[in-house]
Amino acid sequence: MNEDQFLQLVSVHQGIIHKVCRLYRDTPPDREDLFQEIVFQLWRSIDDFRGQSKISTFIYRIALNTAIATFRTDRKNVISYVDQVPEMSPQNEDGALADRKDRLMAAIKLLAEGDRAIIALVLDEYSYREIAEIIGITENNVCVRVSRIKDKIRTLLTGNHEN
């Protein structure tokens, strides 16, 4: 894949990368660093993509693995394509919806890293089979974990912390 094709790919799928960055980093500079690291890891591994799954599944796997791995700040000679990718335009939404999304995102950030990855994929409407493939667990395990994660989120949103 050449540089222009790669930039197009990142541009089309940058929503996935931004979502993972928001889930795993709290400050804009940290999100930007993580975005850059994900793009770098994607560039390094894009030739390994064999088309056995959707490209978005492959990108999610790279993004989540990078976010969950120990974040290394001593990376030298990182190829930076971030400045060449056009920014996503913010979507208009009413205040109540935006507030609910913010509360949900805050609750999700309180989850363990693996649970955050799973619920992000559920919210993006990936099938349990696809989630199992991305995360590396069985489809049945995904089903059980999603149920538990939803219960945790419900508890966090309602404030009933009886556990």
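Tutor: Contact here means heavy atoms within 4.5 Å. The model under discussion is predicted.

Student: Which residues does Ile17 touch, leaving aside residues up to four places away in sequence?

Tutor: Ile17 touches Val10, Phe35, Ile38, Val39 and Ile59.

Student: How should a nonpolar core be read, and which residues of the largest one touch the most other members?

Tutor: In soluble globular proteins, nonpolar side chains tend to be buried together. Here the largest nonpolar core has 39 residues, and those touching the most other members are Ile17, Val20, Tyr24, Leu42, Tyr60 and Leu64. Two or more residues come from each of helices H1 (3-24), H2 (28-45), H3 (55-68), H4 (95-109), H5 (113-123), H6 and H7. The greatest contribution is that of H1, with 9 residues.

Student: How is the packing of two helices described, and at what angle do H6 and H7 pack?

Tutor: Two packed helices are described by the angle between their axes and the distance between the axes. For H6 (residues 128-135) and H7 (residues 139-158), the angle is about 100° and the axes lie 8 Å apart. H6 is therefore roughly perpendicular to H7.

Student: Which residues make that contact?

Tutor: H6 supplies Tyr128, Arg129, Ile131 and Ala132, while H7 supplies Glu139, Val142, Cys143 and Val146. By class, 6 of the residues in this contact are nonpolar, 2 are charged and none is polar.

Student: What is the secondary structure of the chain as a whole, and what percentage of its residues count as buried?

Tutor: The chain has 7 helices and 0 strands. Of its 163 residues, 36% count as buried. Among contacts with a separation of 6 or more, 70% join residues 24 or more positions apart.

Key: Residues are numbered from 1 along each chain as its sequence is written. This is a predicted model: local features need pLDDT of at least 70, side-chain atom pairs count only at pLDDT 80 or more; totals for chains, interfaces and linings use all residues. Side-chain values use heavy atoms; hydrogens and water are left out. Helices (H or I, at least four residues) and strands (E, at least two) are DSSP runs, numbered from the N terminus. Buried means under 20% relative accessible area, exposed over 50%, partly exposed in between (1.4 Å probe, protein chains only). Axes are lines fitted to C-alpha atoms, for helices over the stretch in contact, and angles run from 0 to 180 degrees between N-to-C directions. Angles under 35 degrees count as roughly parallel, over 145 as roughly antiparallel, 65 to 115 as roughly perpendicular and the rest as oblique. Ala, Val, Leu, Ile, Met, Phe, Trp, Tyr, Cys and Pro count as nonpolar, Asp, Glu, Lys and Arg as charged, and the others, Gly among them, as polar. A nonpolar core is a set of buried Ala, Val, Leu, Ile, Met, Phe, Trp, Tyr and Cys residues joined through side-chain atoms within 4.5 Å.
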